[in-house]
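Grab a pencil and work through a few exercises on the model below. Try each task before you read its solution.

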Amino acid sequence: MLSAELHCHSELSHDGRDPVDLLVEQAAAVGLDAIAVTDHDAIHASHEAAALAEEYGLVGIVGMEVTSAAGHVLALGIEEAIPSGLAYDETLDRIHDQGGIAIVPHPFQSSRHGVAAHISDEQLASADAIEVYNSRLLTGRSNRQAERFATAHDVPKTAGSDAHISEMVGQAITEIGVEERSVDAILRAIQQGRTSVVGQKTPWRISFRQAAGGVKRRVQRGVRELF
């Protein structure tokens, strides 16, 4: 059984703060076995993190958080970036074409680009897995909705910290029953539903600070692009 962080962000995300080395160091420090850095519509840092992970005894999974036309989709086990703005079904097809898996994060939270409001139940259930525990949901209501949906439709379940600062990496993890310690084995086990979720809510003060910091960084980057 491996413990994995499947949803976290580096400074390459528009709202992330820290470089990948801090994310990987934190994953190792809290005893994880695997990490996927999933920046918004960017993959470069995830490749860097996957290469660095081996030095820390971790399995590094290349991935990203794709902004589809319906909302966010996590793409794991890919090599090239998936374009943003594609239809939900095409986004999943592009991920699968690269041999990756598609996980839908926080599907029922529309304020954070959850897809559920824009697609059918059948489309949501066609994902390889659904994130049923996201540590940045303050009330837990959307997590419970995702859990009920995944159970009712027999969709594999994952968790993710959705960390935008390194200290929160590992706040929510997916335990994965694998045959061997490899990316392929992890992806295969997730697809087969050999997972369980463990997590704690990100303290609301930290969630607020992450959100505020993200807004500040977006403004700063926008200003830099003007000059």
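The exercises below go from a helix pair to single residues.

This is a predicted model, where local features need pLDDT of at least 70, side-chain atom pairs count only at pLDDT 80 or more, and totals for chains, interfaces and linings use all residues. Residues are numbered from 1 along each chain as its sequence is written, and side-chain values use heavy atoms, leaving out hydrogens and water.

**Exercise 1. Work out how α1 and α2 are oriented to each other.**

Start with the elements: α1 covers residues 20-29 and α2 covers residues 44-53. Helices here are DSSP runs (H or I, at least four residues), strands are runs of E with at least two, and both are numbered from the N terminus.

Next, take the geometry: the two helices pack at about 45°, and their axes are 9 Å apart. Axes are lines fitted to C-alpha atoms, for helices over the stretch in contact, with angles from 0 to 180 degrees between N-to-C directions.

Now compare with the cut-offs: under 35 degrees is roughly parallel, over 145 roughly antiparallel, 65 to 115 roughly perpendicular, and the rest oblique. So α1 and α2 are oblique to each other.

Finally, who touches whom? Val 20, Asp 21 and Val 24 of α1 meet Ala 45, Glu 48, Ala 49, Leu 52 and Ala 53 of α2; contact means heavy atoms within 4.5 Å. Sorted by class, that's six nonpolar, no polar and two charged residues (Ala, Val, Leu, Ile, Met, Phe, Trp, Tyr, Cys and Pro are nonpolar, Asp, Glu, Lys and Arg charged, and the others, Gly among them, polar).

**Exercise 2. Decide whether Arg 112 is buried or exposed, and find its side-chain partner.**

First, place it: Arg 112 sits in the loop between β5 (101-104) and α4 (121-125).

Then check the accessibility: at 16%, Arg 112 counts as buried, since buried means under 20% relative accessible area, exposed over 50%, and partly exposed in between (1.4 Å probe, protein chains only).

Last, the partner: the side chains of Arg 112 and Asn 134 share a polar contact of 3.4 Å. That term means a pair of N or O atoms within 3.5 Å; within protein, one must be able to donate a hydrogen and the other to accept it, and residues adjacent in sequence count only if both atoms are side-chain atoms.

**Exercise 3. Place Gly 114 and say how far its C-alpha is from that of Thr 67.**

Gly 114 is also in the loop between β5 and α4, and its relative accessible area of 1% makes it buried. Its C-alpha lies 9.9 Å from that of Thr 67, although the two are 47 residues apart along the chain.
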